[in-house]
Amino acid sequence: MSQPQQAYTATDHAMMARALRLAQKGAYTTKPNPMVGCVIAQGDEVVGTGWHERKGGPHAEVFALQAAGERARGATAYVTLEPCSHVGSTGPCADALISAGVTRVVGAVRDPFPEVDGSGFEKLRAAGIQVDVGLMEAQARQLNKGFFSRIERGRPWVRVKLATSLDGRSALASGDSKWISGEAARRDVQKWRARAGAILTGAGTVLMDDPHLTVRLGDDTPFVPPLRVVLDPGLATVQRGHVREGGAPTLYIHATDARMPRGVEADHVAVPVEAGRMDLGAVLKLLAQRQINEVQVEAGATLAGAFLTSGLVDELLLYVAPVMLGERARPLFDNLHIDEMTERLNMHVAETRRIGEDVRVFVHPGPAPK
């Protein structure tokens, strides 16, 4: 059970906020594992910190306990996600905390992963450790929204990235969209690509724009290359395009009656197509089975509109450029078919930020949370 918010001290809040900042450092390298941070403190003195740095490596608690050494005995451990209680790539973190002699564990949120799901906290309590859960829970869930989506909903978190003009256009009538946004915005996109488990596009975008769909951070920042996913019902693009090049893996998702050309080797899988439209829910379920937490959709108006009208968009990442493209230019979304004001799709702006000459806007479907 979560502890009432007023029961936590200012020190508790400060320590958990630090643990969340530490967790964020693993944004590009922990997938498909969640990002986790840990702070070990004696009162208001930090004696050890750590974060989960990469999949298969030690967890945040292990690093923090190593840094704290003997000073972990009698201390409080602040963790952004429930300590694991099972043997996976590493040993149980709950056991490590017990062995180190901590007397209190403050957890932000319970881990919904079936092999944990409360058992870590139960093990700590059984060992006589005070366990308080729920401090900054909303922030902890937001940090790992893709992980929670995959485990709890059975599908990844879907982010649709679009560059738009002031008059709401995504490309000229010819399909040309290079470049609506400025260089700073294009660099910013790379950070969101780096944290995604998959970058998804359609065959039309591959044929028109021939994108690489790779991460280009421009420095030595480590990252796990996201899976490139091409929705191509007839496998029209499987023998062409930059998406076949480079070190990032590529998956082609096609209709059940499509056949891979002889002699072509590619990772591919079929999903149902109904009335000429690919079953996007089945696509996302398939990606969840491949342990994809976050999908970044970078596609044209047709596919972006299909995700939106299917109710499968969790957030829009819009880069609004100070340009006008005119009435003949293409819209952001096709096939919305809104004729009455009562049919409009309600959205709320979650965040805005200036990126160079452009404005980055995060928009979430539905009314603003209360």
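**Exercise 1. How are helix 2 and helix 3 oriented to each other: roughly parallel or roughly antiparallel?**

Solution, step by step. Keep in mind that this is a predicted model.

- Start with the axes: those of helix 2 (residues 60-68) and helix 3 (residues 93-100) come within 9 Å and cross at roughly 20°.
- Angles under 35 degrees count as roughly parallel.
- Helix 2 and helix 3 are therefore roughly parallel to each other.
- Next, find the residues that touch. Helix 2 brings Glu61, Val62 and Leu65, while helix 3 brings Cys93, Ala96, Leu97 and Ala100.
- Sorted by class, this contact of helix 2 with helix 3 holds six nonpolar residues, one charged residue and no polar ones.
- As for the hand of the crossing between helix 2 and helix 3, it is left-handed.

**Exercise 2. Work out how helix 3 meets helix 4, and which residues make the contact.**

Solution, step by step.

- The axes of helix 3 and helix 4 come within 9 Å, crossing at roughly 20°.
- That angle makes helix 3 roughly parallel to helix 4.
- Here the crossing of helix 3 and helix 4 is right-handed.
- On the helix 3 side, look for Ala94, Asp95, Leu97 and Ile98; on the helix 4 side, for Gly120, Lys123 and Leu124.
- The classes in the contact of helix 3 with helix 4 are four nonpolar, two charged and one polar.

**Exercise 3. Describe how domain 1 and domain 2 meet.**

Solution, step by step.

- Find the two parts along the chain: domain 1 covers 10-145 and domain 2 covers 155-365.
- Their centres, taken over C-alpha atoms, are 34 Å apart.
- Ten residues of domain 1 and 17 residues of domain 2 take part in the contact.
- The size of an interface is often given as the accessible area that is lost when the parts come together.
- For domain 1 and domain 2 the buried area is about 1,100 Å², and carbon and sulfur atoms give 56% of that.
- On the domain 1 side, Tyr28, Lys31 and Lys145 supply 65% of the area buried against domain 2, more than any other three residues.

**Exercise 4. Which backbone features stand out at Pro32 and at Asp117?**

Solution, step by step.

- First recall the usual case: most peptide bonds are trans, and most residues other than glycine have a negative phi.
- Now go to the loop between helix 1 (10-24) and strand 1 (37-42), where Pro32 lies.
- The peptide bond leading from Lys31 to Pro32 is cis, with omega near 10°.
- Then move to the loop between strand 4 (104-107) and helix 4 (119-126), which holds Asp117.
- Asp117 is not a glycine, yet its phi is positive, near 40°.

Terms used. Residues are numbered from 1 along each chain as its sequence is written. This is a predicted model: local features need pLDDT of at least 70, side-chain atom pairs count only at pLDDT 80 or more; totals for chains, interfaces and linings use all residues. Side-chain values use heavy atoms; hydrogens and water are left out. Axes are lines fitted to C-alpha atoms, for helices over the stretch in contact, and angles run from 0 to 180 degrees between N-to-C directions. Helices (H or I, at least four residues) and strands (E, at least two) are DSSP runs, numbered from the N terminus. Angles under 35 degrees count as roughly parallel, over 145 as roughly antiparallel, 65 to 115 as roughly perpendicular and the rest as oblique. A crossing is left-handed if the near helix is turned anticlockwise from the far one by less than a right angle, and right-handed if clockwise. Contact means heavy atoms within 4.5 Å. Ala, Val, Leu, Ile, Met, Phe, Trp, Tyr, Cys and Pro count as nonpolar, Asp, Glu, Lys and Arg as charged, and the others, Gly among them, as polar. Domain bounds come from an automatic or database domain assignment. Buried area is the accessible area (1.4 Å probe) that two parts lose on being put together, summed over both.
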